[in-house]
Amino acid sequence: MKLFQPCYDLALRWSKHPAASRYLALLSFAESVIFPIPPDVMLAPMSLSQPSRAWHFALITTLASIVGGVAGYLLGFFAFDTLLQPFIESSGYAHKLETAIGWFETYGVWVVFLAGFSPIPYKVFTVSAGFLQMAFLPFLIASAIGRGARFFLVASLMKWGGARMEEQLRKYVEVLGWAVVGLAIVAYLMLR
């Protein structure tokens, strides 16, 4: 069953749409606050289909993600008690919040950098940083460095790989897609 090949082709077609940069910015902003899908799923095909604009796309993604991170910080700072805490508790995510708070206590600003660079949900740490009233300037700097490093790395790899990488991705997209699904299931089972 070919599930990922049509999605891959669709992503490449959408990446050439005239409004693709705006959609990329919107996705990057939303992912930093509430949305579960990382902007890499748009950034990579856009950079792959237009390698000469890869760093431009990385800059858009980084800036929009930082602005979204600031929005998440402000949401945690001003609305945690009234809006977020009841939702977190009713959804059964209180233990995850406790984990995030523990990481902040142990690692401080480095956890924001780590969440910005890695696949760890950045939004959890933007909201937590605001709720815990982390100093804003270190939060902003760690976000900018972590998000920038991640998105420029993705864009650079796509630019560097070019047509060769596109050909290899097309060849192995089904295997890679199902491997990611398998890893996500394993991670979920281990972390729940």
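1. **Aromatic pairs.** Start with the rings: this predicted model has 10 aromatic pairs. One of them joins W110 and F113, which meet edge-to-face, with the ring centres 6.2 Å apart and 85 degrees between the planes. If those two numbers look odd to you, remember that a pair of aromatic rings is described by the distance of the centres and the angle of the planes. Here the angle is over 60 degrees, so the pair gets the edge-to-face label.

2. **Where that pair sits.** W110 and F113 both belong to helix α6 (residues 110–117), and because they are 3 residues apart, about one helical turn separates them. An α-helix has 3.6 residues a turn, so residues three or four places apart point the same way. How accessible are the two partners? W110 is exposed, at 60% relative accessibility, while F113 is partly exposed, with a relative accessible area of 27%.

3. **A cluster of rings.** Have a look at Y73, F77, F78, F136 and F139 as well, since these residues form one aromatic cluster. Try showing their rings together in your viewer.

4. **Charges over rings.** Rings also turn up with charged side chains in this model. The charged end of R147 sits over the ring of Y122, 4.2 Å from the ring centre. K159 does something you can compare by eye: K159 lies over the face of W55, with 4.8 Å to the ring centre. Keep R147 in mind, as it comes back below.

5. **Helix α2.** How does the span of helix α2 (residues 20–33) agree with its 14 residues? At 1.5 Å a residue you would expect 20 Å, and the C-alpha atoms at its ends are indeed 20 Å apart, so the two agree. Plenty of this helix is covered: its buried residues are A20, S21, L24, L27, S28, A30, E31, S32 and V33. Notice the charged one in that list, E31.

6. **E31 and its partners.** What does E31 do with its charge? One partner is K123: their side chains form a salt bridge, with N to O at 3.8 Å. E31 is in helix α2 and K123 is in helix α7 (residues 122–131), so this contact ties together parts that are 92 residues apart in sequence. Both of these residues, E31 and K123, are buried. Another partner is R147, whose closest N and O atoms to E31 are 2.4 Å apart. R147 lies in helix α8, so its pairing with E31 in helix α2 ties together parts 116 residues apart in sequence.

7. **The network.** Put those contacts together and you get E31, K123 and R147 linked in a network of salt bridges. Why does R147 count as buried? Its relative accessibility is 0%, and buried means under 20%. E31 counts as buried too, because its relative accessible area is 5%. So R147 has two roles worth tracing on screen: a salt bridge with E31 and a charged end over the ring of Y122.

8. **One more salt bridge.** The model holds 3 salt bridges. Besides the network, the side chains of D40 and R150 meet at 2.6 Å, N to O. This pair links distant parts of the chain, with D40 in helix α3 (residues 40–49) and R150 in helix α8, 110 residues apart. D40 is buried, at a relative accessible area of 15%, and R150 is buried as well, at 11% relative accessibility.

9. **A nonpolar patch outside.** Now turn to the surface. L3, W178, V181, I185 and L189 form a nonpolar patch there, with about 440 Å² of accessible area together. W178 is part of helix α8 (residues 136–191). W178 counts as partly exposed because its relative accessibility is 39%.

10. **Q133, a backbone detail.** What stands out about the phi of Q133? Its phi is positive, about 55 degrees, although Q133 is not a glycine. You will find Q133 in the loop between α7 and α8. Q133 is exposed, with a relative accessible area of 54%.

11. **A100, a covered spot.** Finally, find A100 in helix α5 (residues 94–107). A100 is buried, and its relative accessible area is 2%. Along the chain, A100 and V111 are 11 residues apart, and 8.8 Å separates their C-alpha atoms.

Definitions and conventions:
Residues are numbered from 1 along each chain as its sequence is written. This is a predicted model: local features need pLDDT of at least 70, side-chain atom pairs count only at pLDDT 80 or more; totals for chains, interfaces and linings use all residues. Side-chain values use heavy atoms; hydrogens and water are left out. Patches are made of residues with over 30% relative accessible area and no salt bridge: like charges are joined within 9 Å, nonpolar side chains (Val, Leu, Ile, Met, Phe, Trp, Tyr) within 5 Å. Accessible areas come from the Shrake-Rupley method with a 1.4 Å probe; for residues, only the protein chains shown count as cover. A salt bridge is a side-chain nitrogen of Lys or Arg within 4 Å of a carboxyl oxygen of Asp or Glu. Helices (H or I, at least four residues) and strands (E, at least two) are DSSP runs, numbered from the N terminus. Buried means under 20% relative accessible area, exposed over 50%, partly exposed in between (1.4 Å probe, protein chains only). Rings of Phe, Tyr and Trp (its six-membered ring) pair if their centres lie within 6.5 Å; planes under 30 degrees apart count as stacked, over 60 as edge-to-face and the rest as tilted. A charge sits over a ring if NZ of Lys or CZ of Arg is within 6 Å of the ring centre and within 35 degrees of the ring normal. The expected span of a helix is 1.5 Å times one less than its number of residues.
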